[in-house]
Amino acid sequence: MERGGYVYIMTNVFNNIYYTGVTSDLRNRVWEHKNCVYPKSFTSKYKCCKLVYFEFFLHIEEAIDEEKRIKGGNRQQKINLIKALNPNWLDLFETLD
């Protein structure tokens with residue numbers, strides 16, 4: 001059985017630090033970031049608690065490939081990706097089912 005996954009980007013309140021991740025359970029993973037479940041993690045250290053981008057893939061391997069592509073890009077490419085989906089830089093956590 002194949003399992004889908006999400007690639008996502010978190011940022012801080014100033015929208016100037018970016019964390020790109022991949023998960024099969026987006027709601028739970030973002031909740032963990034927001035609640036600093038892992039206090040020594042990058043997102044906890046830099047207070048990246050705002051979900052500004054996510055994309056679903058039918059296969060987790062596709063999400064992992066996209067995560068690598070995004071991480072390999074430059075800062076402006078990440079900003080452009082976020083702006084295309086979320087021009088107002090809103091926290092998308094509340095839109096998750």
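## Briefing: two helices, one cavity

In helix α4, which spans residues 75-85, the buried residues are K78, I79, L81 and I82. They sit on the same side of α4, because they cover an arc of only 160° around the axis. The model is predicted. Helix α1 also has a buried side, within an arc of only 150°. The structure holds one cavity of 30 Å³ or more.

**Helix α4: cover and cap**

- The cover over the buried residues of α4 includes three strands: β1 (5-11), β2 (18-23) and β3 (50-57).
- Helix α3 (60-72) is also part of that cover.
- N74 caps the N-terminal end of α4.
- In this cap, a side-chain oxygen of N74 lies 3.1 Å from the backbone nitrogen of Q76.

**I82, a buried residue of α4**

- I82 belongs to helix α4.
- Its relative accessible area is 0%, so I82 counts as buried.
- Beyond residues up to four places away in sequence, I82 touches I9, Y18, V52, Y53, P87 and W89.
- I82 and I70 are 12 residues apart in sequence.
- In space, their C-alpha atoms are 11 Å apart.

**N86, after α4**

- N86 is in the segment that follows α4.
- Is N86 buried or exposed? N86 is buried, because its relative accessible area of 4% is under the 20% cut-off.
- The N86 side chain reaches the backbone oxygen of V52 at 3.2 Å.
- With neighbours within four places in sequence left aside, N86 is in contact with V52 and L92.
- V52 is also among the residues that I82 touches.

**V22, on strand β2**

- V22 lies in strand β2, and β2 is included in the cover over the buried residues of α4.
- V22 itself counts as partly exposed, at 26% relative accessibility.
- Setting aside neighbours within four places in sequence, V22 is in contact with Y6, V7 and Y8, among others.
- The contacts of V22 also include I60, A63, I64 and E67.
- V22 and K78 are 56 residues apart along the chain.
- The C-alpha atoms of V22 and K78 are separated by 15 Å.

**Helix α1: the buried side**

- The buried residues of α1 are L26, R29, V30, E32 and H33.
- Their arc of only 150° around the axis is why they lie on the same side of α1.
- These residues pack against strands β1, β2 and β3, and against helix α2.
- E32 is part of helix α1.
- E32 counts as buried because its relative accessibility is 16%, and the cut-off for buried is under 20%.
- Outside its neighbours within four places in sequence, E32 is in contact with V37 and Y38.

**The cavity beside α1 residues**

- Which residues line the largest cavity? The lining is made up of R29, E32, H33, C36, V37, Y38, S41, T43 and S44.
- Two elements, α1 (26-34) and α2 (42-45), give two or more residues to this lining.
- The largest share, three residues, comes from α1.
- The volume of the largest cavity is about 30 Å³.
- By type, the lining residues divide into three nonpolar, four polar and two charged.
- R29, E32 and H33 are in this lining, and these three are also among the buried residues of α1.
- V37 and Y38 are in the lining too, and E32 is in contact with both.

**Positive phi in two loops**

- C36 is found in the loop between α1 and α2.
- Just after α1, C36 takes a positive phi of about 45°.
- C36 is a residue other than glycine.
- At 38% relative accessibility, C36 counts as partly exposed.
- C36 is also one of the residues that line the largest cavity.
- K47 lies in the loop between α2 and β3.
- Phi of K47 is near 55°, a positive value, and K47 is also a residue other than glycine.
- Is K47 buried or exposed? K47 counts as exposed, because its relative accessibility of 60% is over the 50% cut-off.

Notes
Residues numbered from 1 in each chain as written. Predicted model: local features only at pLDDT ≥ 70, side-chain atom pairs only at ≥ 80, totals over all residues. Heavy atoms only, no water. 1 Å grid on protein atoms, 1.4 Å probe; cavity = no way out; pocket = protein on both sides within 12 Å on 5 of 7 lines; lining within 4 Å. Points joined across faces, edges and corners; volume = space filled by probe spheres on them. Helix = DSSP H or I, 4+ residues; strand = E, 2+ residues; numbered from the N terminus. Nonpolar A, V, L, I, M, F, W, Y, C, P; charged D, E, K, R; others polar. Buried < 20%, exposed > 50% of the residue type's maximum accessible area, 1.4 Å probe, protein only. Arc of directions from axis to C-beta. Contact = heavy atoms within 4.5 Å. Polar contact = N/O pair within 3.5 Å; in protein donor to acceptor, adjacent residues only side chain to side chain.
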